[in-house]
Amino acid sequence: MRAAGHSAEALAGGVRTATEQRVWQLLAAVPDPEIPVLSIVDLGIVRYVRSAADGRLHVGITPTYSGCPATAAIHDATRAALDEAGHADALLEEVLSPPWTSDWVTAEGRAKLAAFGIAPPAAAPAAARDAAAAPVACPRCGSLTTERISEFGSTPCKAHYRCRACREPFDHFKCI
Amino acid sequence: MSVPAAAPARRDRALNEALFRYVLRLADTSLVLGQRLGEWVGHAPALEEDLGLANLALDLIGQARLLLTYAGEIEGKGRDEDALAYLRDAPEFVNLTLAEQPNGDFAHTIVRQWLIDAWQLELYEGLGASADTRLAAIAAKAVKETRYHYRFSSGWLVRLGDGTAESHARTQQALETLWRFTEELCTPDEIDERMAAAGIAAPLTVAAERWGQRVAADLRQATLAPPARQPHPWHGKRGVHTEHLGHLLGEMQHLQRTYPGVRW
């Protein structure tokens, strides 16, 4: 049931029924509790929405980091959004495989992150390059002359950087 | 008629029991190490390292939760992640002895972390191809986080080892103190062998060899001398622990032991 095909479908959009489309829009309004400028769809947390043969709606969500404290809050907020929209019988499923990657943050999500002052993850797939070596652009002035202060930041998904051009510190969404 | 039918069922039960023990070992090592790292919160040498160690702890405890939940399901006696974490006594914990060693100074914490990060990295890489799909999914998720941890701890190992005379001496001292516990990481027992035979884990000797090469390369870069190989008297993964685990559990389990069943 938890096949990789779901994620491909979620990423590509696939052919959605009217109900599925409505639920995607509904979930696109559920904010991430730690970075509320992003929705759980922007973050790639929603893996699939599909009307199954059993007549019920199946919604798959995946945790970002194993220990992310927001996971439970995201689950509850998704459940509440489904219930309020009349989908109380929808099944909310946790998907572990394939594991979440920052590559799944959508283009819209990346633009929102940058506008919020958080340098988005690099566009190249996280697995295909040395994340430590890739230059990170300052979200304020755009300079590539930045340095990493710490591998870790205020939440599990962020690292701490400093811009050497405009001297401002900033968060970088980790590539994983 | 009943004999051929019963034999495979008995084998399955034995394999199930071994799998339970195996998953519990992985879970306990992450849980205990995560708890140890949590002791640094508010005390690390710099704010960035304080955050770093807390983030490592968070990932490790998250991995432990996934593994403990799965272990409870394999066991099938209704124990969930909380029951397994808070209501077992020290001899029932099966973490690596290294994971429970005290934090010591920052060099001790980094050496302990680096040794276990490198070990988890090799182990989870192998488990990604496990015949057990649930374990494979947990490992595939954990390995990405572990790679990040290893970058942090190996970076600090080199910085400390190849740093000042003081940082070098203290890191070498930490290595001498903790090295005695590494033999356990590399020595398979009947549960490891059973997992390898069932295709659930790669043979531990394969991961151990890769671990040894990785550790040796890092030590060279850190200008640290590898201690001599030592015999193997430590059996944390069989439930025989140093005195340190009991104190750690006393703190970790205090609330649930004092007020059984209490909830936030």
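These are my notes on chain B of a predicted model, with one entry on a core in chain A.

**Elements.** I started with the secondary structure of chain B and counted eleven helices and zero strands. Reading from the N terminus, I wrote the order down as α-α-α-α-α-α-α-α-α-α-α. I then looked up how compact chain B is: its radius of gyration is 19 Å, and the globule rule gives 18 Å for 264 residues, so chain B is as compact as a globular protein of that length.

**Extent and burial.** I took the box along the principal axes next, and the C-alpha atoms of chain B fill roughly 75 × 45 × 30 Å. For burial I noted that 45% of the 264 residues in chain B are buried.

**Contacts.** I looked at contacts in chain B between residues at least 6 apart in sequence, and 76% of them join residues at least 24 apart.

**Largest core.** Which residues touch the most other members of the largest nonpolar core? I found B:V23, B:A27 and B:L67, in a core of 77 residues. Helix α4 of chain B, residues 106-127, gives this core its largest share, with 13 residues.

I followed B:V23 further. Leaving out residues up to four places away in sequence, B:V23 touches B:L67, B:Y70, B:A71, B:I74 and B:L135. B:L67 thus appears twice in my notes, as a neighbour of B:V23 and as one of the residues that touch the most other core members.

**Another core.** Apart from the largest core I found another, of 36 residues. Its members include A:V23, A:V59, A:L82 and A:I118.

Definitions and conventions
Residues numbered from 1 in each chain as written. Chains lettered and ligands numbered in written order. Predicted model: local features only at pLDDT ≥ 70, side-chain atom pairs only at ≥ 80, totals over all residues. Helix = DSSP H or I, 4+ residues; strand = E, 2+ residues; numbered from the N terminus. Rg over C-alpha atoms; globule rule 2.2 N^0.38 Å. Buried ≥ 20, exposed ≤ 12 C-beta atoms within 10 Å, placed from the backbone. Contact = placed C-beta atoms within 7 Å. Core = buried A, V, L, I, M, F, W, Y, C linked by C-beta atoms within 7 Å.
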